[in-house]
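User: Could you take a close look at one spot in this model and build the picture outwards from there? I'm a first-year student, so please explain the terms as they come up.

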Amino acid sequence: MPENSVEVQVMQAVGGGIAGAATRTITQPLDVLKIRFQMQVEPVTNHKGSKYRGVIHAFKSVYAEEGMRGMFRGHNSGQVLSISYALVQFWSYEQLRSMAHQFDYWRERPFLMFFICGGIAGCLGAVAAQPFDVVRTQMVAADPSSRRSQMNTFTGLRKVYKKEGWMGLSRGLPFTLVQVFPLVGANFLFYKYLNAAVLMAKPPDQRQEIHGAFLFLNGALSGVLAKMIVYPADLLKKRIQLMAFKQERKTFGRNPECPTILGCISTTFREEGLGGFYKGMLPTLLKAGLMSAVYFSIYDMFKRHYIAPMKEAEKNRQKLVKH
């Protein structure tokens, strides 16, 4: 018999969706900067030909040229992406972990279980959200005056599908999966390990719960550590997604030439050096830490206050039925 009832699974999905929506709202401006930096071939420094020359300069430039709307460009598609991704990820993680707990091998290796279950759940969420990621990237990276930057999520989906079919909507998916499995797996691993360390530091009679502040801090640390490992794959994915609409990015300087995965790696290294693979990393790490902190802490608090009591009530009802 599955550990999670249908009602519990629905709540797990709802909790994931809420965590995803809250996280997207808070981190959207940093995501805009990350994508703009990743699309820029010129150095993100005080280089003469650079459109953006650092985080502060980029914030000022985007706000001056596009206003607050520019800081939240692509937010609606980003929300759809985040909710669909988080909903699928947290729901599938809980089901995978529940199934893994039925085997001695995984019960004896909990941190390996966290990594594998988290990685698979992340990939499932990424597949569900990939079309929205393609549309969001195009909206954020296009010239502010272009029609593409003004389109809504579903118009964007139709436009990409009409022009490129399913290949266009899944552009960059192999890179996404290569990036997501270790990223999300490591994120869950670090988060669970840090939580276990906090519990072990407490007296034995106080190890039932972790304070929300520690959930937030552990989420932030796990997000930064995990993102540092896989950042180059995220940059290459974004540049490959750019190829379909580079004619609508004339005001951003040169466009990276990334027709294929190997071509993108070769061109980026040849023209920008090793540092080119880490362009935009600072706002990305800020975003990753904040995103992971909000993401995990909101979901775990939702789980503590709503899902755990529901599961406890179900167990009590089952005991009454047996007696």
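Analyst: Phe 302 is found in helix α11, where a helix is a DSSP run of H or I with at least four residues, numbered from the N terminus (a strand is a run of E with at least two). Keep in mind that this is a predicted model, where local features need pLDDT of at least 70 and side-chain atom pairs count only at 80 or more, while totals for chains, interfaces and linings use all residues. Residues are numbered from 1 along each chain as its sequence is written, and side-chain values use heavy atoms, with hydrogens and water left out.

Is Phe 302 buried or exposed? Phe 302 has a relative accessible area of 13%, so it counts as buried (buried is under 20%, exposed over 50%, partly exposed in between, with a 1.4 Å probe and protein chains only). If you set aside neighbours within four places in sequence, Phe 302 is in contact (heavy atoms within 4.5 Å) with Met 11, Val 14, Gly 15, Ile 18 and Ile 307. Ala 19 shows how the chain comes back on itself here: Phe 302 and Ala 19 sit 283 residues apart in sequence, yet their C-alpha atoms are 8.8 Å apart in space.

Now step along to Lys 303, since that residue leads us to another helix. Lys 303 is touched by Arg 97, which lies in helix α3. Arg 97 also touches Met 113, Phe 114 and Cys 117, again not counting residues up to four places away. You might expect a charged side chain to stick out, but Arg 97 has 17% relative accessibility and so counts as buried.

Ser 98 is in helix α3 too, and its 8% relative accessible area means that it is buried. Beyond its neighbours within four places, Ser 98 is in contact with Glu 3 and Asn 4. For contrast, take Leu 157: Ser 98 and Leu 157 are 59 residues apart along the chain, and 35 Å separates their C-alpha atoms.

Next, the empty spaces. A pocket is an open set of points, on a 1 Å grid over the protein atoms alone, with protein on both sides within 12 Å along at least five of seven lines; a cavity is a set where a 1.4 Å probe fits but cannot get out, and lining residues have an atom within 4 Å of a point. Volume is the space filled by probe spheres set on the points, which are joined across faces, edges and corners.

The largest pocket has a volume of about 720 Å³. Of its 21 lining residues, Arg 97, Lys 192, Gln 208, Asp 300 and Lys 303 lie nearest the centre. Helices α5, α8 and α11 each give two or more residues to that lining, and α11 gives the most, with 8. By class, the pocket lining has 8 nonpolar, 2 polar and 11 charged residues (nonpolar: Ala, Val, Leu, Ile, Met, Phe, Trp, Tyr, Cys, Pro; charged: Asp, Glu, Lys, Arg; polar: the others, Gly among them).

What about closed spaces? The structure holds 2 cavities of 30 Å³ or more. The second largest has about 50 Å³ of space, and its lining includes Phe 90, Tyr 93, Lys 192, Asp 300 and Lys 303. The helices giving two or more residues to it are α3, α8 and α11, with α11 giving the most, 4 residues. That lining divides into 6 nonpolar, no polar and 4 charged residues.

The largest cavity has a volume of about 600 Å³. It is lined by 32 residues, and nearest its centre lie Tyr 85, Leu 183, Lys 227, Lys 287 and Met 291. Among the helices that give it two or more residues are α1 (6–39), α3 (75–100) and α11 (281–322). Its lining has 13 nonpolar, 10 polar and 9 charged residues.

Finally, zoom right out. The chain has 11 helices and 0 strands. Its C-alpha trace spans about 75 × 45 × 35 Å along the principal axes, and 52% of its 323 residues count as buried. Phe 302's link to Met 11 fits into a wider count: residues 24 or more positions apart make up 77% of the contacts with a separation of 6 or more.
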